Amino acid sequence: MVLTRKLKNPRAQHNFVGRTCSILAVGSYVPERVLTNAELEKLVDTSNEWIMSRTGISERRIAAKHESTSDLASHAAMRALERANVSPSEVDLIIVATITPDMPFPSTACLVQRKIGATRAAAFDLEAACSGFIYALEIGQQFIMSRTYETVLIIGAEKLSSIINWSDRNTCVLFGDGAGAAVLRHRPDAHGLLTACMGSDGNKADLLCMPGGGSACPPTHESLAAGLHYLRMDGKETFKSAVNAMFTAATEALRRCELDITQINCIIPHQANRRIIDAVAERLNAQPEQVFVNLHKYGNTSAASVAIALDEAVTSNRIQRGDLALLIVFGAGLTWGAAVIEW
Ligand SMILES: CC(C)(COP(=O)(O)OP(=O)(O)OC[C@H]1O[C@@H](n2cnc3c(N)ncnc32)[C@H](O)[C@@H]1OP(=O)(O)O)[C@@H](O)C(=O)NCCC(=O)NCCS
């Protein structure tokens, strides 16, 4: 097939010799259990009015006790593979982006491999917090471009409810569980992923972290009593950094493609806070109808966030083949990123 539209592919400017990489299909999964703001009012000193006005979140999904991150990830992966008409045995590589792995090791990606029967695949996890899906996309596409692999399965999956302090109103209202997946392959009729940029600032690592449970602070009775195994966040500073980093990443991605924001059909920002999304959109001079938002239903699902939103944008026909989508992410690390995709 012949490309119908002339587009600037920035990868072509950098001695691009490989193949392009497209998203064949996406899939997502959220657990059944809905946790509403009204229920949170009974847990901590908060109100539906405060949560809605400060965050835009109305409810979130919470995984069942028996459901782990690899279960959520496997459901999302199977949906994406079925839609792509690709069998698990065709997958060459599985990358799972998560901050809530089933366990420190083996990787959640290996557990997903076992659950979906992707027997030929290599599998590993990556950790870039809420930016993980864009990191996985950029890393995954390198293997397609270089002709190392034909089929790469990337997944963002989180059971954040397992690291939330349910008595801390500053954080427990913000997060939820879920997973999203994408099947990457070369498609001769599309540019696919035009560019992806990633960034990090380790100097701001303390803004959003889980201090306990790793080698710096192995779990002890004392660390548990101090709540070091829970997610911690400086909300105000995180908010400011998020707006700046997402704006910078999006601007850089558009610049590389020589695209103007008006040419983007759908903007999918990380779904952390409605006010962050609105502030980024305003700085980008984007129109509200360009921006896809579903955080009222799920809250912040970290690495799963843009993956679930992308799936919902595609299944609701908000994004159609040939459209240009701009994905923008931000997370702990700090990390950030943006990607421009010709769908
Ligand atoms: C967390 C966040 C919603 C708080 O909003 P904010 O406008 O910054 O509010 P503040 O931090 O100034 O808190 C204002 C007051 O509300 C209180 N508050 C915090 N959470 C509350 C809740 N769930 N219900 C009611 N009151 C709450 C605070 O204790 C504070 O009270 P005080 O003034 O008596 O101390 C906002 O900072 C935010 O979204 N930050 C980024 C979070 C994020 O996206 N993290 C993930 C990035 S990937």
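**View 1. Pro106 sits in the loop between β4 (93–97) and α4 (108–116) of the predicted model.** Predicted coordinates underlie this view and every later one. The peptide bond joining Phe105 and Pro106 is cis. Its omega is about 0°.

**View 2. A cis peptide bond links Gly333 and Leu334.** Here omega is about -10°. Leu334 belongs to the loop between β12 and β13. Strand β13 covers residues 335–342. Strand β12 spans 324–331 and supplies at least two residues of the shell around the ligand.

**View 3. Arg147 has a positive phi.** The value is near 65°, in a residue other than glycine. Arg147 is placed in the loop between α5 and β6. Helix α5 runs over 132–145, and strand β6 over 152–159.

**View 4. The ligand makes polar contacts with Arg54, Gly235 and Asn273.** An N or O atom in the side chain of Arg54 is 2.3 Å from an oxygen atom of the ligand. The side chain of Asn273 also offers an N or O atom, 2.7 Å from a ligand oxygen. Gly235 uses its backbone instead: an N or O atom there lies 2.9 Å from a ligand nitrogen. On its own, the ligand has 960 Å² of accessible area, and the protein covers 76% of that.

**View 5. The shell around the ligand holds 23 residues.** Thr46, Arg54, Gly235, Lys236 and Asn273 come nearest. By class, nine residues of the shell are nonpolar, nine are polar and five are charged. The space that the ligand takes is the second largest pocket.

**View 6. Several helices and one strand each supply at least two residues of the ligand shell.** The helices are α2 (48–55), α6 (169–172), α8 (235–257) and α9 (274–283). The strand is β12. Helix α8 gives the largest share, four residues. Two of the nearest residues, Gly235 and Lys236, fall within the range of α8, 235–257. Arg54, also among the nearest, falls within α2, 48–55.

**View 7. The whole chain gives the setting for the close-ups, with 11 helices and 13 strands.** Along its principal axes, the C-alpha trace spans about 60 × 45 × 35 Å. The radius of gyration is 19 Å. A compact globule of 343 residues would have a value near 20 Å, so the chain agrees with that expectation.

How values were computed
Residues numbered from 1 in each chain as written. Predicted model: local features only at pLDDT ≥ 70, side-chain atom pairs only at ≥ 80, totals over all residues. Heavy atoms only, no water. Near = heavy atom within 4 Å. Polar contact = N/O pair within 3.5 Å; in protein donor to acceptor, adjacent residues only side chain to side chain. Areas by Shrake-Rupley, 256 points an atom, 1.4 Å probe, with all protein chains shown as cover. 1 Å grid on protein atoms, 1.4 Å probe; cavity = no way out; pocket = protein on both sides within 12 Å on 5 of 7 lines; lining within 4 Å. Sits in = over half its atoms within 2 Å of the grid points. Nonpolar A, V, L, I, M, F, W, Y, C, P; charged D, E, K, R; others polar. Rg over C-alpha atoms; globule rule 2.2 N^0.38 Å.
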